[in-house]
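Work through the exercises below with the model open. Try each task before reading its solution.

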Amino acid sequence: MKIWVDADACPKPIKEILYRAANRLQIVTVLVANQNLSVPTSPYIQMTRVDSGYDQADKYIMQMTQSRDIIITADIPMAAEVIAKGAVVLTPRGRVYTEENIGEQLSIRNFMDELRGNGVQTGGPPPLNMRDREEFSNQLQKLINSRI
């Protein structure tokens, strides 16, 4: 089992939670981004830089994912792809995507995308708050425990 992180869009507080978990539980955690990131020196934390361009980090993670992996992303289409490979997805806000709920999330995402395409202002998500961080940390621990 590995933890793969869509690091271009992952908030810093979430990365810090992941660093602590990787070291404490000795789980390889790979941050994938199209720019160099500063990560702690650890045998359990790796940084992979991909080419610049739309969805390059997503494509790399989708290619590398194996069953039992945990993927950290808010990208719902990518989530659907890796779930089909047996992985589970955790968003930076602590939401878990699985085979049971990804279809509904994909439908909602596509509907909102269609609204935006028609000029409707849908707004963005609120800033990450302490409750989101706690939920992320709690869900991460549950997912790790269920996959070890």
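The exercises that follow concern a predicted model.

**Exercise 1. The largest nonpolar core**

Find which residues have the most contacts inside the largest nonpolar core, and which element gives the most to it.

Solution.
- Step 1. The largest nonpolar core holds 23 residues. Those with the most contacts inside it are I3, V5, L18, I72, F136 and L140.
- Step 2. Now list the elements that give two or more residues to this core. They are β1 (3-6), α1 (12-25), β2 (29-33), β4 (70-72), β5 (88-90) and α5 (130-147).
- Step 3. Among the elements, α1 gives the most to this core, with six residues.
- Step 4. Take L140 as a sample. Leaving out residues up to four places away in sequence, L140 touches I3, I17, L18, A21 and L90.
- Step 5. A second core is separate from the first and has 16 residues. V32, A87, Y97 and I102 are included in the second core.
- Step 6. Set this against the general trend: in soluble globular proteins, nonpolar side chains tend to be buried together.

**Exercise 2. A threonine in a loop**

Decide whether T65 is buried or exposed, then find what its side chain reaches.

Solution.
- Step 1. Locate T65 in the loop between α2 (56-64) and β4.
- Step 2. The relative accessible area of T65 is 4%. Buried means under 20%, so T65 is buried.
- Step 3. The T65 side chain reaches the backbone oxygen of I61 at 2.6 Å.
- Step 4. Beyond residues up to four places away in sequence, T65 touches W4, I71, V82, K85 and A87. Of these, A87 is included in the second core.

**Exercise 3. Two helices**

Are α2 and α3 roughly parallel or roughly antiparallel to each other?

Solution.
- Step 1. Helix α3 spans residues 76-84. It packs against α2 at an angle of about 10°, and the axes are 9 Å apart.
- Step 2. Angles under 35 degrees count as roughly parallel. Therefore α2 and α3 are roughly parallel to each other.
- Step 3. Turn to the residues that meet. From α2 come D58, I61 and M62; from α3 come M78, E81 and V82.
- Step 4. Sort this contact by residue class: four nonpolar, no polar and two charged.
- Step 5. Link back to T65, which touches V82 and reaches the backbone oxygen of I61.

**Exercise 4. Positive phi**

Place Q26 and R68 in their loops and classify their accessibility.

Solution.
- Step 1. Q26 is not a glycine, yet its phi is positive, about 55°. R68, also a residue other than glycine, has a positive phi near 80°.
- Step 2. Q26 sits in the loop between α1 and β2. R68 sits in the loop between α2 and β4.
- Step 3. Q26 has 54% relative accessibility, so it counts as exposed. R68, at 40%, counts as partly exposed.

**Exercise 5. Sequence and space**

How far apart in space are A21 and V96, and L128 and K142?

Solution.
- Step 1. A21 belongs to helix α1 and is buried, with a relative accessible area of 5%.
- Step 2. A21 and V96 are 75 residues apart in sequence, and their C-alpha atoms are 17 Å apart.
- Step 3. Not counting residues up to four places away in sequence, A21 touches Q26 and L140.
- Step 4. L128 lies in the loop between α4 (102-117) and α5. L128 and K142 are 14 residues apart in sequence and 21 Å apart from C-alpha to C-alpha.
- Step 5. With residues up to four places away left out, L128 touches P11, P13, I14, P92, R93 and R133.

Key: Residues are numbered from 1 along each chain as its sequence is written. This is a predicted model: local features need pLDDT of at least 70, side-chain atom pairs count only at pLDDT 80 or more; totals for chains, interfaces and linings use all residues. Side-chain values use heavy atoms; hydrogens and water are left out. A nonpolar core is a set of buried Ala, Val, Leu, Ile, Met, Phe, Trp, Tyr and Cys residues joined through side-chain atoms within 4.5 Å. Buried means under 20% relative accessible area, exposed over 50%, partly exposed in between (1.4 Å probe, protein chains only). Helices (H or I, at least four residues) and strands (E, at least two) are DSSP runs, numbered from the N terminus. Contact means heavy atoms within 4.5 Å. A polar contact is a pair of N or O atoms within 3.5 Å; within protein, one must be able to donate a hydrogen and the other to accept it, and residues adjacent in sequence count only if both atoms are side-chain atoms. Axes are lines fitted to C-alpha atoms, for helices over the stretch in contact, and angles run from 0 to 180 degrees between N-to-C directions. Angles under 35 degrees count as roughly parallel, over 145 as roughly antiparallel, 65 to 115 as roughly perpendicular and the rest as oblique. Ala, Val, Leu, Ile, Met, Phe, Trp, Tyr, Cys and Pro count as nonpolar, Asp, Glu, Lys and Arg as charged, and the others, Gly among them, as polar.
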